[in-house]
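Subject: Structure for you to look through

Dear colleague,

I am handing over a structure that I would like you to open beside this message. Please read my notes with the chains in view, and follow each point on the screen as you go.

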Amino acid sequence: MHPASSIILFTTLSGLGYGLAMMLGLGLLDPAHMATKVAHVLALALISAGLLSSTAHLGNPQRAWRALSQWRSSWLSREGVMAIATFVPLTWSAWLAVIEGRYFWLPGLLGAAMSLVTVFCTAMIYASLKSVQAWHTRLTPACYLLFAIAGGLVLTVFLAACSGALTPPLAVGAVVALAAAWTVKVKWRARLQEAGPLSTPESATGLGGIGRVRLFERPHMTENYLTREMGFRVGRKHAAKLWKIAVALGAVLPCVLLLVLGMWGLGGVAGASLAALALLAFVTGLLAERWLFFAEARHAVMNYYGG
Amino acid sequence: MTSLPSLPTPKKLGLVIDLDTCVGCHACVVNCKEWNTGGYGAALSDQDPYGATVSGAWLNRVHSFEMIPDGEVVGEAGEARIVHFPKSCLHCEAAPCVTVCPTGASYKRADDGIVLVEEDMCIGCGLCAWACPYGAREMDLAAGVMKKCTLCIDRIYNETLEEVDRTPACVRTCPANARHFGDLGDPDSEVSKLVAERGGIDLMPEQGTLPVNKYLPPRQRQPLSASAGLLEEYMLKEDAGDATGFFGWLDKMLDRI
(Lines give C-alpha, C1' and ligand atoms only; values in the text may rest on other atoms or scores of the structure.)
Protein backbone atom coordinates (compact mmCIF):
# COMPACT_ATOMS: atom_id res chain seq x y z
CA MET A 1 0.00 0.00 0.00
CA HIS A 2 1.19 3.48 -0.80
CA PRO A 3 2.30 5.22 2.42
CA ALA A 4 0.45 8.54 1.95
CA SER A 5 1.93 11.18 4.25
CA SER A 6 -1.50 12.65 5.05
CA ILE A 7 -2.72 9.33 6.46
CA ILE A 8 0.54 8.56 8.30
CA LEU A 9 0.43 11.99 9.89
CA PHE A 10 -3.26 11.62 10.71
CA THR A 11 -2.97 8.28 12.49
CA THR A 12 0.19 9.33 14.37
CA LEU A 13 -1.03 12.76 15.48
CA SER A 14 -4.57 11.77 16.36
CA GLY A 15 -3.26 8.67 18.15
CA LEU A 16 -0.98 10.84 20.30
CA GLY A 17 -3.77 13.37 20.87
CA TYR A 18 -6.30 10.74 21.98
CA GLY A 19 -3.64 9.06 24.12
CA LEU A 20 -2.94 12.34 25.90
CA ALA A 21 -6.68 13.00 26.24
CA MET A 22 -7.08 9.58 27.93
CA MET A 23 -4.39 10.38 30.50
CA LEU A 24 -5.85 13.83 31.14
CA GLY A 25 -9.28 12.27 31.46
CA LEU A 26 -7.95 9.87 34.09
CA GLY A 27 -6.71 12.89 36.01
CA LEU A 28 -3.01 11.96 35.88
CA LEU A 29 -1.98 15.61 35.69
CA ASP A 30 -2.81 18.29 38.23
CA PRO A 31 -4.98 20.98 36.54
CA ALA A 32 -3.44 23.64 38.78
CA HIS A 33 -0.22 23.40 36.76
CA MET A 34 0.24 25.53 33.68
CA ALA A 35 1.59 22.50 31.75
CA THR A 36 -1.71 20.67 32.27
CA LYS A 37 -3.68 23.56 30.80
CA VAL A 38 -1.34 23.52 27.81
CA ALA A 39 -1.78 19.73 27.60
CA HIS A 40 -5.56 20.05 27.22
CA VAL A 41 -5.16 22.51 24.38
CA LEU A 42 -2.39 20.36 22.86
CA ALA A 43 -4.57 17.23 22.90
CA LEU A 44 -7.39 19.04 21.12
CA ALA A 45 -4.92 20.59 18.65
CA LEU A 46 -3.32 17.21 17.83
CA ILE A 47 -6.71 15.58 17.29
CA SER A 48 -7.96 18.46 15.13
CA ALA A 49 -4.75 18.55 13.09
CA GLY A 50 -5.01 14.81 12.53
CA LEU A 51 -8.64 15.03 11.43
CA LEU A 52 -7.94 17.97 9.11
CA SER A 53 -5.00 16.21 7.48
CA SER A 54 -7.20 13.16 6.90
CA THR A 55 -9.72 15.27 4.96
CA ALA A 56 -6.85 16.57 2.81
CA HIS A 57 -6.83 13.40 0.71
CA LEU A 58 -10.56 13.51 -0.14
CA GLY A 59 -11.65 14.12 -3.73
CA ASN A 60 -14.66 16.18 -2.60
CA PRO A 61 -14.00 17.43 0.96
CA GLN A 62 -17.03 19.75 0.85
CA ARG A 63 -19.24 16.66 1.16
CA ALA A 64 -17.30 15.24 4.14
CA TRP A 65 -20.36 15.67 6.40
CA ARG A 66 -22.02 12.82 4.50
CA ALA A 67 -19.43 10.47 5.99
CA LEU A 68 -21.32 10.60 9.30
CA SER A 69 -24.34 8.78 7.89
CA GLN A 70 -23.29 5.11 7.44
CA TRP A 71 -22.23 4.19 10.98
CA ARG A 72 -24.30 1.01 10.75
CA SER A 73 -21.90 -0.64 8.29
CA SER A 74 -18.77 1.48 7.83
CA TRP A 75 -15.87 1.78 10.29
CA LEU A 76 -14.78 5.01 8.58
CA SER A 77 -18.20 6.49 9.28
CA ARG A 78 -18.10 5.24 12.88
CA GLU A 79 -14.71 6.87 13.32
CA GLY A 80 -16.06 10.19 12.04
CA VAL A 81 -19.08 10.06 14.36
CA MET A 82 -16.96 9.09 17.38
CA ALA A 83 -14.32 11.72 16.64
CA ILE A 84 -16.89 14.50 16.62
CA ALA A 85 -18.80 13.18 19.63
CA THR A 86 -15.56 12.85 21.62
CA PHE A 87 -14.90 16.56 21.19
CA VAL A 88 -17.79 17.24 23.59
CA PRO A 89 -16.34 15.71 26.79
CA LEU A 90 -12.79 16.68 25.79
CA THR A 91 -13.72 20.33 25.29
CA TRP A 92 -15.70 20.27 28.54
CA SER A 93 -12.67 18.88 30.41
CA ALA A 94 -10.38 21.40 28.71
CA TRP A 95 -12.68 24.27 29.73
CA LEU A 96 -12.70 23.11 33.36
CA ALA A 97 -8.91 22.75 33.45
CA VAL A 98 -7.93 25.87 31.52
CA ILE A 99 -10.54 28.34 32.79
CA GLU A 100 -11.51 26.96 36.20
CA GLY A 101 -8.32 25.04 36.99
CA ARG A 102 -10.10 21.91 38.19
CA TYR A 103 -10.64 18.27 37.23
CA PHE A 104 -14.09 16.72 37.06
CA TRP A 105 -14.35 12.94 36.75
CA LEU A 106 -17.52 12.85 34.58
CA PRO A 107 -16.23 14.49 31.37
CA GLY A 108 -12.77 13.12 32.20
CA LEU A 109 -13.67 9.43 32.27
CA LEU A 110 -16.23 9.81 29.48
CA GLY A 111 -13.62 11.54 27.28
CA ALA A 112 -11.02 8.84 28.06
CA ALA A 113 -13.42 6.03 27.17
CA MET A 114 -14.62 7.72 23.98
CA SER A 115 -11.04 8.47 22.93
CA LEU A 116 -10.26 4.77 23.26
CA VAL A 117 -13.29 3.87 21.12
CA THR A 118 -12.33 6.43 18.46
CA VAL A 119 -8.82 4.99 18.13
CA PHE A 120 -10.37 1.52 17.92
CA CYS A 121 -12.61 2.70 15.04
CA THR A 122 -9.58 4.13 13.20
CA ALA A 123 -7.76 0.82 13.52
CA MET A 124 -10.81 -1.16 12.42
CA ILE A 125 -10.91 0.76 9.11
CA TYR A 126 -7.69 -1.08 8.28
CA ALA A 127 -8.37 -4.32 10.13
CA SER A 128 -11.71 -4.80 8.36
CA LEU A 129 -10.13 -4.96 4.89
CA LYS A 130 -9.68 -8.59 3.90
CA SER A 131 -8.04 -7.41 0.67
CA VAL A 132 -5.00 -6.29 2.70
CA GLN A 133 -3.97 -9.45 4.50
CA ALA A 134 -1.34 -7.80 6.71
CA TRP A 135 -3.98 -5.56 8.31
CA HIS A 136 -6.81 -8.10 8.55
CA THR A 137 -6.14 -9.23 12.13
CA ARG A 138 -7.23 -8.40 15.68
CA LEU A 139 -3.62 -7.47 16.36
CA THR A 140 -4.09 -4.30 14.27
CA PRO A 141 -6.55 -2.60 16.67
CA ALA A 142 -4.49 -3.94 19.59
CA CYS A 143 -1.39 -2.17 18.21
CA TYR A 144 -3.23 1.10 17.55
CA LEU A 145 -4.77 1.16 21.02
CA LEU A 146 -1.55 0.26 22.83
CA PHE A 147 0.48 2.80 20.83
CA ALA A 148 -2.10 5.51 21.63
CA ILE A 149 -1.89 4.67 25.35
CA ALA A 150 1.92 4.48 25.30
CA GLY A 151 2.18 7.75 23.37
CA GLY A 152 -0.24 9.43 25.74
CA LEU A 153 1.81 8.29 28.73
CA VAL A 154 5.14 9.43 27.23
CA LEU A 155 3.58 12.83 26.52
CA THR A 156 2.16 12.92 30.05
CA VAL A 157 5.60 12.14 31.52
CA PHE A 158 7.07 15.04 29.55
CA LEU A 159 4.36 17.45 30.71
CA ALA A 160 4.67 16.26 34.31
CA ALA A 161 8.43 16.75 34.13
CA CYS A 162 7.87 20.29 32.82
CA SER A 163 5.82 21.17 35.87
CA GLY A 164 8.18 19.29 38.22
CA ALA A 165 5.47 16.81 39.17
CA LEU A 166 6.93 13.65 37.68
CA THR A 167 6.50 10.60 39.92
CA PRO A 168 8.37 7.30 39.43
CA PRO A 169 5.14 5.25 38.97
CA LEU A 170 4.16 7.47 36.01
CA ALA A 171 7.54 6.92 34.31
CA VAL A 172 7.42 3.18 34.98
CA GLY A 173 3.83 3.07 33.71
CA ALA A 174 4.96 4.62 30.45
CA VAL A 175 7.73 2.00 30.13
CA VAL A 176 5.24 -0.81 30.74
CA ALA A 177 2.87 0.61 28.11
CA LEU A 178 5.71 0.95 25.61
CA ALA A 179 6.82 -2.63 26.25
CA ALA A 180 3.25 -3.91 25.80
CA ALA A 181 2.73 -1.93 22.57
CA TRP A 182 5.97 -3.12 20.98
CA THR A 183 5.45 -6.73 22.08
CA VAL A 184 2.13 -6.81 20.22
CA LYS A 185 3.68 -4.98 17.29
CA VAL A 186 6.47 -7.57 17.01
CA LYS A 187 3.76 -10.28 16.95
CA TRP A 188 1.89 -8.32 14.28
CA ARG A 189 4.98 -8.12 12.08
CA ALA A 190 5.88 -11.77 12.63
CA ARG A 191 2.39 -12.72 11.42
CA LEU A 192 2.88 -10.53 8.34
CA GLN A 193 6.17 -12.21 7.49
CA GLU A 194 5.22 -15.80 8.27
CA ALA A 195 1.75 -16.06 6.74
CA GLY A 196 1.59 -17.31 3.17
CA PRO A 197 -0.41 -15.08 0.82
CA LEU A 198 -4.19 -15.55 1.02
CA SER A 199 -4.56 -14.78 -2.68
CA THR A 200 -2.06 -15.58 -5.42
CA PRO A 201 -1.84 -14.88 -9.16
CA GLU A 202 -3.17 -18.44 -9.56
CA SER A 203 -6.29 -17.85 -7.44
CA ALA A 204 -6.75 -14.37 -8.90
CA THR A 205 -6.90 -15.67 -12.46
CA GLY A 206 -8.07 -19.23 -11.91
CA LEU A 207 -5.36 -20.29 -14.39
CA GLY A 208 -3.15 -22.17 -11.93
CA GLY A 209 -4.26 -25.49 -13.43
CA ILE A 210 -2.22 -24.78 -16.58
CA GLY A 211 0.98 -23.79 -14.81
CA ARG A 212 2.53 -21.11 -12.65
CA VAL A 213 0.91 -17.77 -13.56
CA ARG A 214 3.13 -14.82 -14.45
CA LEU A 215 2.06 -11.39 -15.67
CA PHE A 216 2.96 -11.11 -19.35
CA GLU A 217 1.65 -7.63 -20.09
CA ARG A 218 0.01 -4.97 -17.96
CA PRO A 219 -3.23 -3.52 -19.32
CA HIS A 220 -1.53 -0.16 -19.90
CA MET A 221 2.10 0.83 -20.24
CA THR A 222 1.97 3.55 -17.59
CA GLU A 223 0.98 3.59 -13.92
CA ASN A 224 -2.68 3.93 -12.99
CA TYR A 225 -4.71 4.81 -9.89
CA LEU A 226 -4.54 1.23 -8.63
CA THR A 227 -0.80 0.76 -9.01
CA ARG A 228 -0.08 4.17 -7.50
CA GLU A 229 -2.44 3.63 -4.57
CA MET A 230 -1.77 -0.06 -3.84
CA GLY A 231 1.35 -1.00 -5.72
CA PHE A 232 3.98 0.42 -3.41
CA ARG A 233 6.98 -1.84 -3.01
CA VAL A 234 9.55 -1.35 -0.31
CA GLY A 235 12.87 -3.14 -0.64
CA ARG A 236 13.37 -5.93 1.92
CA LYS A 237 16.74 -4.44 2.84
CA HIS A 238 15.24 -1.00 3.52
CA ALA A 239 12.26 -2.41 5.40
CA ALA A 240 14.59 -4.33 7.71
CA LYS A 241 16.68 -1.23 8.34
CA LEU A 242 13.65 0.98 8.92
CA TRP A 243 12.20 -1.57 11.33
CA LYS A 244 15.41 -1.46 13.36
CA ILE A 245 15.25 2.34 13.40
CA ALA A 246 11.59 2.20 14.49
CA VAL A 247 12.38 -0.18 17.37
CA ALA A 248 15.52 1.69 18.46
CA LEU A 249 13.87 5.11 18.47
CA GLY A 250 10.32 4.12 19.33
CA ALA A 251 11.00 1.49 21.98
CA VAL A 252 14.56 1.17 23.28
CA LEU A 253 15.62 4.81 23.60
CA PRO A 254 12.43 6.12 25.28
CA CYS A 255 12.37 3.13 27.66
CA VAL A 256 15.97 3.74 28.75
CA LEU A 257 15.40 7.46 29.18
CA LEU A 258 12.15 6.96 31.09
CA LEU A 259 13.77 4.41 33.40
CA VAL A 260 16.60 6.85 34.12
CA LEU A 261 14.01 9.53 34.86
CA GLY A 262 11.97 7.27 37.09
CA MET A 263 14.89 5.77 39.05
CA TRP A 264 16.87 8.91 39.69
CA GLY A 265 13.85 11.19 39.86
CA LEU A 266 15.57 13.92 37.92
CA GLY A 267 13.76 17.22 38.16
CA GLY A 268 14.09 20.66 36.67
CA VAL A 269 15.52 21.35 33.26
CA ALA A 270 17.54 18.11 33.13
CA GLY A 271 14.45 15.98 33.77
CA ALA A 272 12.33 17.91 31.30
CA SER A 273 14.93 17.67 28.55
CA LEU A 274 15.37 13.92 29.09
CA ALA A 275 11.58 13.52 28.87
CA ALA A 276 11.51 15.71 25.74
CA LEU A 277 14.18 13.52 24.16
CA ALA A 278 12.18 10.39 25.00
CA LEU A 279 9.06 11.93 23.44
CA LEU A 280 10.90 13.03 20.30
CA ALA A 281 12.46 9.59 19.86
CA PHE A 282 9.10 7.86 20.37
CA VAL A 283 7.28 10.04 17.82
CA THR A 284 10.04 9.54 15.23
CA GLY A 285 9.99 5.78 15.83
CA LEU A 286 6.21 5.74 15.57
CA LEU A 287 6.30 7.60 12.24
CA ALA A 288 8.70 4.95 10.91
CA GLU A 289 6.40 2.22 12.27
CA ARG A 290 3.35 3.80 10.59
CA TRP A 291 5.24 4.18 7.32
CA LEU A 292 6.06 0.46 7.38
CA PHE A 293 2.45 -0.36 8.34
CA PHE A 294 1.45 0.88 4.87
CA ALA A 295 4.58 0.17 2.85
CA GLU A 296 4.86 -3.48 3.89
CA ALA A 297 1.17 -4.29 3.44
CA ARG A 298 0.44 -6.03 0.16
CA HIS A 299 -2.93 -5.57 -1.55
CA ALA A 300 -4.63 -8.51 -3.28
CA VAL A 301 -5.08 -6.51 -6.50
CA MET A 302 -1.33 -6.62 -7.10
CA ASN A 303 -1.76 -10.26 -8.09
CA TYR A 304 -3.09 -8.83 -11.38
CA TYR A 305 -0.17 -6.44 -11.76
CA GLY A 306 2.79 -8.75 -11.23
CA GLY A 307 3.60 -7.24 -7.83
CA MET B 1 -27.56 2.93 2.35
CA THR B 2 -24.38 0.87 2.40
CA SER B 3 -25.75 -2.21 4.07
CA LEU B 4 -26.07 -5.00 1.50
CA PRO B 5 -29.54 -6.06 0.32
CA SER B 6 -30.79 -9.36 1.68
CA LEU B 7 -29.17 -12.12 -0.34
CA PRO B 8 -29.57 -13.40 -2.92
CA THR B 9 -31.11 -10.67 -5.05
CA PRO B 10 -33.96 -11.94 -7.29
CA LYS B 11 -31.87 -11.20 -10.38
CA LYS B 12 -28.08 -11.44 -10.57
CA LEU B 13 -27.09 -9.51 -13.67
CA GLY B 14 -23.48 -10.01 -14.66
CA LEU B 15 -20.93 -11.02 -17.25
CA VAL B 16 -19.45 -14.31 -18.31
CA ILE B 17 -16.01 -13.95 -19.85
CA ASP B 18 -14.55 -16.65 -22.05
CA LEU B 19 -10.79 -16.82 -21.55
CA ASP B 20 -10.55 -19.38 -24.35
CA THR B 21 -11.77 -17.04 -27.06
CA CYS B 22 -10.57 -13.64 -25.86
CA VAL B 23 -7.91 -12.47 -28.30
CA GLY B 24 -6.77 -9.49 -26.21
CA CYS B 25 -7.76 -6.84 -28.78
CA HIS B 26 -8.84 -4.31 -26.09
CA ALA B 27 -11.94 -3.35 -28.11
CA CYS B 28 -14.09 -3.85 -24.96
CA VAL B 29 -11.72 -1.56 -23.03
CA VAL B 30 -12.01 1.21 -25.61
CA ASN B 31 -15.76 0.89 -26.14
CA CYS B 32 -16.31 0.87 -22.36
CA LYS B 33 -14.37 4.11 -21.99
CA GLU B 34 -16.13 5.63 -25.00
CA TRP B 35 -19.65 4.81 -23.80
CA ASN B 36 -19.10 5.62 -20.14
CA THR B 37 -17.28 8.88 -20.70
CA GLY B 38 -20.45 10.27 -22.27
CA GLY B 39 -22.97 8.32 -20.23
CA TYR B 40 -23.77 7.77 -16.57
CA GLY B 41 -22.10 10.25 -14.19
CA ALA B 42 -18.88 12.21 -14.55
CA ALA B 43 -16.76 11.76 -17.68
CA LEU B 44 -13.81 9.35 -17.39
CA SER B 45 -10.94 11.80 -17.33
CA ASP B 46 -7.34 11.28 -18.39
CA GLN B 47 -4.39 13.03 -16.83
CA ASP B 48 -1.53 14.20 -19.07
CA PRO B 49 -3.44 12.63 -22.02
CA TYR B 50 -0.85 13.37 -24.69
CA GLY B 51 2.22 13.27 -22.46
CA ALA B 52 4.70 10.62 -21.45
CA THR B 53 2.96 9.74 -18.18
CA VAL B 54 -0.60 9.46 -19.49
CA SER B 55 -3.05 7.78 -17.14
CA GLY B 56 -6.77 7.86 -16.57
CA ALA B 57 -9.81 6.14 -15.15
CA TRP B 58 -10.87 2.94 -16.92
CA LEU B 59 -13.66 0.62 -15.85
CA ASN B 60 -12.42 -2.37 -17.79
CA ARG B 61 -8.84 -3.43 -18.44
CA VAL B 62 -7.29 -6.39 -20.22
CA HIS B 63 -4.28 -8.01 -18.57
CA SER B 64 -2.24 -10.75 -20.24
CA PHE B 65 -0.82 -13.68 -18.32
CA GLU B 66 1.70 -16.31 -19.20
CA MET B 67 1.69 -19.87 -17.92
CA ILE B 68 4.43 -22.38 -18.51
CA PRO B 69 2.89 -25.84 -18.27
CA ASP B 70 5.06 -28.56 -16.81
CA GLY B 71 3.15 -31.37 -18.48
CA GLU B 72 4.60 -34.33 -20.38
CA VAL B 73 3.10 -33.40 -23.73
CA VAL B 74 5.69 -32.68 -26.41
CA GLY B 75 5.21 -29.25 -27.90
CA GLU B 76 3.55 -28.04 -24.73
CA ALA B 77 5.88 -28.75 -21.80
CA GLY B 78 8.00 -25.72 -21.14
CA GLU B 79 6.24 -23.66 -23.80
CA ALA B 80 4.45 -20.54 -22.65
CA ARG B 81 0.74 -20.23 -22.99
CA ILE B 82 -0.68 -16.69 -23.12
CA VAL B 83 -4.16 -15.93 -21.80
CA HIS B 84 -5.73 -12.50 -22.23
CA PHE B 85 -7.71 -11.55 -19.18
CA PRO B 86 -10.36 -8.81 -19.25
CA LYS B 87 -11.27 -7.54 -15.81
CA SER B 88 -14.06 -5.24 -14.65
CA CYS B 89 -16.39 -5.08 -11.64
CA LEU B 90 -17.66 -8.55 -10.69
CA HIS B 91 -20.82 -7.15 -8.98
CA CYS B 92 -20.14 -9.34 -5.94
CA GLU B 93 -23.00 -10.60 -3.81
CA ALA B 94 -21.02 -9.86 -0.63
CA ALA B 95 -19.44 -6.68 -2.04
CA PRO B 96 -16.87 -5.40 0.50
CA CYS B 97 -16.67 -2.07 -1.37
CA VAL B 98 -20.29 -1.29 -0.48
CA THR B 99 -20.21 -1.83 3.28
CA VAL B 100 -17.06 0.25 3.87
CA CYS B 101 -18.51 3.38 2.19
CA PRO B 102 -18.97 6.06 4.87
CA THR B 103 -21.43 8.22 2.90
CA GLY B 104 -23.94 5.82 1.39
CA ALA B 105 -22.72 6.62 -2.13
CA SER B 106 -21.85 2.97 -2.81
CA TYR B 107 -24.77 0.60 -3.01
CA LYS B 108 -25.94 -2.71 -4.42
CA ARG B 109 -29.31 -2.67 -6.13
CA ALA B 110 -31.79 -4.97 -4.41
CA ASP B 111 -33.64 -5.94 -7.61
CA ASP B 112 -30.84 -6.86 -10.05
CA GLY B 113 -27.69 -6.87 -7.90
CA ILE B 114 -25.80 -4.19 -9.85
CA VAL B 115 -23.22 -2.36 -7.69
CA LEU B 116 -23.26 1.38 -8.32
CA VAL B 117 -21.86 4.67 -7.01
CA GLU B 118 -24.11 7.69 -6.45
CA GLU B 119 -21.51 10.22 -7.54
CA ASP B 120 -23.19 13.27 -5.97
CA MET B 121 -22.73 11.63 -2.57
CA CYS B 122 -19.17 10.34 -3.06
CA ILE B 123 -16.47 12.19 -1.13
CA GLY B 124 -13.62 10.45 -2.96
CA CYS B 125 -12.02 8.90 0.12
CA GLY B 126 -10.92 5.86 -1.87
CA LEU B 127 -11.69 3.32 0.86
CA CYS B 128 -13.95 1.26 -1.44
CA ALA B 129 -11.07 0.88 -3.91
CA TRP B 130 -8.95 -0.41 -1.03
CA ALA B 131 -11.67 -2.86 -0.01
CA CYS B 132 -12.02 -4.36 -3.49
CA PRO B 133 -9.50 -7.20 -4.01
CA TYR B 134 -10.02 -7.10 -7.79
CA GLY B 135 -9.10 -3.48 -8.52
CA ALA B 136 -12.50 -2.85 -10.07
CA ARG B 137 -12.82 0.71 -8.79
CA GLU B 138 -10.73 3.64 -9.93
CA MET B 139 -10.86 7.24 -8.76
CA ASP B 140 -11.57 9.88 -11.37
CA LEU B 141 -8.92 12.42 -10.49
CA ALA B 142 -10.69 15.31 -12.27
CA ALA B 143 -14.10 14.80 -10.67
CA GLY B 144 -12.75 13.43 -7.36
CA VAL B 145 -15.32 10.64 -7.29
CA MET B 146 -15.04 6.87 -7.53
CA LYS B 147 -15.82 5.30 -10.90
CA LYS B 148 -16.75 1.71 -11.60
CA CYS B 149 -18.51 -0.56 -14.09
CA THR B 150 -22.27 0.11 -14.08
CA LEU B 151 -22.94 -2.93 -16.26
CA CYS B 152 -24.02 -0.17 -18.69
CA ILE B 153 -27.19 0.44 -16.76
CA ASP B 154 -27.94 3.24 -19.24
CA ARG B 155 -27.94 0.70 -22.10
CA ILE B 156 -29.44 -2.51 -20.70
CA TYR B 157 -32.73 -0.87 -19.64
CA ASN B 158 -32.71 1.77 -22.41
CA GLU B 159 -35.80 1.30 -24.55
CA THR B 160 -34.72 4.00 -27.00
CA LEU B 161 -31.98 1.63 -28.18
CA GLU B 162 -32.60 -1.27 -30.55
CA GLU B 163 -33.03 -4.48 -28.59
CA VAL B 164 -29.76 -5.90 -29.89
CA ASP B 165 -27.91 -2.92 -28.35
CA ARG B 166 -29.39 -3.39 -24.87
CA THR B 167 -26.28 -5.13 -23.59
CA PRO B 168 -23.17 -3.63 -21.96
CA ALA B 169 -20.88 -1.80 -24.41
CA CYS B 170 -18.04 -4.30 -23.84
CA VAL B 171 -20.29 -7.25 -24.74
CA ARG B 172 -21.77 -5.52 -27.78
CA THR B 173 -18.37 -4.69 -29.23
CA CYS B 174 -16.44 -7.93 -28.59
CA PRO B 175 -15.43 -9.27 -32.03
CA ALA B 176 -14.54 -12.70 -30.64
CA ASN B 177 -17.83 -13.16 -28.76
CA ALA B 178 -15.80 -13.73 -25.60
CA ARG B 179 -18.14 -11.68 -23.41
CA HIS B 180 -21.69 -12.65 -22.47
CA PHE B 181 -24.29 -10.75 -20.45
CA GLY B 182 -27.28 -12.13 -18.61
CA ASP B 183 -28.98 -13.13 -15.38
CA LEU B 184 -26.74 -15.50 -13.46
CA GLY B 185 -29.43 -15.92 -10.82
CA ASP B 186 -31.63 -17.78 -13.33
CA PRO B 187 -30.30 -21.34 -13.83
CA ASP B 188 -32.04 -21.54 -17.23
CA SER B 189 -30.47 -18.40 -18.70
CA GLU B 190 -27.97 -18.69 -21.56
CA VAL B 191 -25.14 -17.42 -19.35
CA SER B 192 -25.92 -19.87 -16.54
CA LYS B 193 -25.97 -22.75 -19.03
CA LEU B 194 -22.64 -21.60 -20.43
CA VAL B 195 -21.14 -21.49 -16.95
CA ALA B 196 -22.44 -24.98 -16.17
CA GLU B 197 -21.25 -26.43 -19.49
CA ARG B 198 -17.74 -24.92 -19.42
CA GLY B 199 -17.08 -25.02 -15.67
CA GLY B 200 -17.09 -21.28 -15.08
CA ILE B 201 -15.12 -20.12 -12.05
CA ASP B 202 -15.02 -17.34 -9.44
CA LEU B 203 -11.94 -15.14 -9.12
CA MET B 204 -10.28 -15.22 -5.68
CA PRO B 205 -13.04 -17.28 -4.01
CA GLU B 206 -10.95 -17.18 -0.79
CA GLN B 207 -11.77 -13.47 -0.40
CA GLY B 208 -15.39 -14.40 0.33
CA THR B 209 -16.83 -11.77 -2.02
CA LEU B 210 -19.13 -14.16 -3.93
CA PRO B 211 -18.59 -12.58 -7.35
CA VAL B 212 -21.51 -12.72 -9.80
CA ASN B 213 -19.32 -12.51 -12.93
CA LYS B 214 -17.84 -15.84 -13.98
CA TYR B 215 -14.78 -16.72 -16.04
CA LEU B 216 -14.69 -19.66 -18.46
CA PRO B 217 -11.25 -21.31 -18.30
CA PRO B 218 -9.30 -21.91 -21.51
CA ARG B 219 -10.05 -25.26 -23.12
CA GLN B 220 -7.49 -28.04 -22.95
CA ARG B 221 -4.95 -27.54 -25.70
CA GLN B 222 -4.53 -30.36 -28.23
CA PRO B 223 -1.05 -31.86 -28.12
CA LEU B 224 0.86 -31.60 -31.42
CA SER B 225 0.92 -35.38 -31.86
CA ALA B 226 -2.89 -35.41 -32.03
CA SER B 227 -2.86 -33.22 -35.11
CA ALA B 228 0.13 -34.96 -36.75
CA GLY B 229 -2.09 -37.66 -38.24
CA LEU B 230 -4.45 -35.01 -39.53
CA LEU B 231 -1.61 -33.35 -41.40
CA GLU B 232 -0.60 -36.63 -43.07
CA GLU B 233 -4.15 -37.20 -44.18
CA TYR B 234 -4.23 -33.85 -45.94
CA MET B 235 -0.78 -34.39 -47.50
CA LEU B 236 -1.96 -37.63 -49.14
CA LYS B 237 -4.94 -35.88 -50.69
CA GLU B 238 -2.87 -34.80 -53.68
CA ASP B 239 -4.69 -37.25 -55.90
CA ALA B 240 -7.40 -35.22 -57.63
CA GLY B 241 -8.78 -38.15 -59.65
CA ASP B 242 -12.20 -37.92 -58.07
CA ALA B 243 -12.63 -34.21 -58.83
CA THR B 244 -15.71 -33.36 -60.90
CA GLY B 245 -17.12 -30.31 -62.65
CA PHE B 246 -14.91 -27.26 -63.07
CA PHE B 247 -12.11 -28.63 -60.90
CA GLY B 248 -12.21 -31.93 -62.78
CA TRP B 249 -11.88 -30.07 -66.05
CA LEU B 250 -9.08 -27.89 -64.63
CA ASP B 251 -7.27 -31.02 -63.39
CA LYS B 252 -7.43 -32.60 -66.81
CA MET B 253 -6.33 -29.42 -68.63
CA LEU B 254 -3.37 -28.87 -66.30
CA ASP B 255 -2.29 -32.50 -66.71
CA ARG B 256 -2.11 -31.94 -70.48
CA ILE B 257 0.27 -28.97 -70.24
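A:Leu215 stands opposite B:Phe65 in β4(B), and this pair belongs to an antiparallel pairing in which five bridges join strand β1 of chain A, residues 212-217, to β4(B). Please keep in mind throughout that this is a predicted model.

The strands just named belong to an open sheet of three strands, ordered β1(A)-β4(B)-β5(B), with antiparallel pairing. At its edges stand β1 of chain A and β5 of chain B, each of which has a single partner strand, so one side of each is left without a neighbour in the sheet. On average, and with direction ignored, neighbouring strands of this sheet are turned by 40° against each other. Within chain B, β4(B) and β5(B) are paired in the antiparallel sense over eight bridges, and there you can find B:His63 opposite B:Phe85 in β5(B). Helix α1 of chain B, residues 27-37, packs on the sheet and touches β4 and β5 of chain B, its direction making about 165° with that of β4(B).

What does the contact between the two chains look like as a whole? In total, 54 residues of chain B are in contact with 46 residues of chain A. On the side of chain B that touches chain A, at least two residues each are supplied by β4 (60-68), β5 (81-88), α2 (96-99), α3 (127-131) and β8 (138-140) of chain B. The most is given by β4(B), with eight residues. The residues on that side of chain B divide into 32 nonpolar, 15 polar and seven charged.

A second sheet lies in chain B, and its strand β1, residues 13-18, is a good place to begin, since six of its six residues are buried. In a regular strand the side chains alternate between the two faces of the sheet. In β1(B), both faces are covered, with B:Leu13, B:Leu15 and B:Ile17 buried on one side and B:Gly14, B:Val16 and B:Asp18 buried on the other. This sheet is open and has three strands in the order β10-β1-β11 (chain B), with mixed pairing. Its edges are formed by β10 and β11 of chain B, each with a single partner strand, so one side of each is left without a neighbour in the sheet. Neighbouring strands here are turned by 25° against each other on average, direction ignored.

The two pairings of β1(B) can be followed residue by residue. Five bridges join β1(B) to the antiparallel strand β10 of chain B, residues 179-183, where B:His180 is the bridge partner of B:Val16 and B:Asp183 stands opposite B:Leu13. Helix α6 of chain B, residues 190-198, packs on the sheet and touches β1, β10 and β11 of chain B, while its direction makes about 120° with that of β10(B). With strand β11 of chain B, residues 214-216, β1(B) pairs in the parallel sense over three bridges, and B:Leu216 is there the bridge partner of B:Asp18.

In chain A, please look at helix α4, residues 105-127, and helix α5, residues 139-162, whose axes come within 8 Å and cross at roughly 145°. The crossing of α4(A) with α5(A) is right-handed. Among the residues that meet there are A:Leu116, A:Phe120 and A:Ala123 in α4(A), and A:Tyr144, A:Leu145 and A:Ala148 in α5(A). The residues of this contact divide into eleven nonpolar, two polar and no charged.

In soluble globular proteins, nonpolar side chains tend to be buried together. The largest nonpolar core here has 162 residues, of which A:Ala150, A:Val154, A:Val157 and A:Ala174 touch the most other members. The largest share of this core, 17 residues, comes from α5(A). Leaving aside neighbours within four places in sequence, A:Val154 is in contact with A:Ala174, A:Pro254, A:Ala278, A:Leu279 and A:Phe282.

Finally, where do two residues of chain B with an unusual backbone angle lie? B:Asp48, which is not a glycine, has a positive phi of about 50° and is found in the loop between β2 (46-47) and β3 (55-56) of chain B. B:Asp48 counts as exposed because 11 C-beta neighbours lie inside 10 Å. B:Cys152, also not a glycine, has a positive phi of about 50° and is found in the loop between β9 (145-147) and α4 (153-156) of chain B. B:Cys152, however, is buried, with 26 other C-beta atoms within 10 Å.

With best wishes

Technical notes: Residues numbered from 1 in each chain as written. Chains lettered and ligands numbered in written order. Predicted model: local features only at pLDDT ≥ 70, side-chain atom pairs only at ≥ 80, totals over all residues. Contact = placed C-beta atoms within 7 Å. Helix = DSSP H or I, 4+ residues; strand = E, 2+ residues; numbered from the N terminus. Nonpolar A, V, L, I, M, F, W, Y, C, P; charged D, E, K, R; others polar. Pairing = 2+ DSSP bridges. Axes fitted to C-alpha atoms, helices over the stretch in contact; angles between N-to-C directions. Left-handed = near helix turned anticlockwise from the far one by under 90°. Core = buried A, V, L, I, M, F, W, Y, C linked by C-beta atoms within 7 Å. Buried ≥ 20, exposed ≤ 12 C-beta atoms within 10 Å, placed from the backbone.
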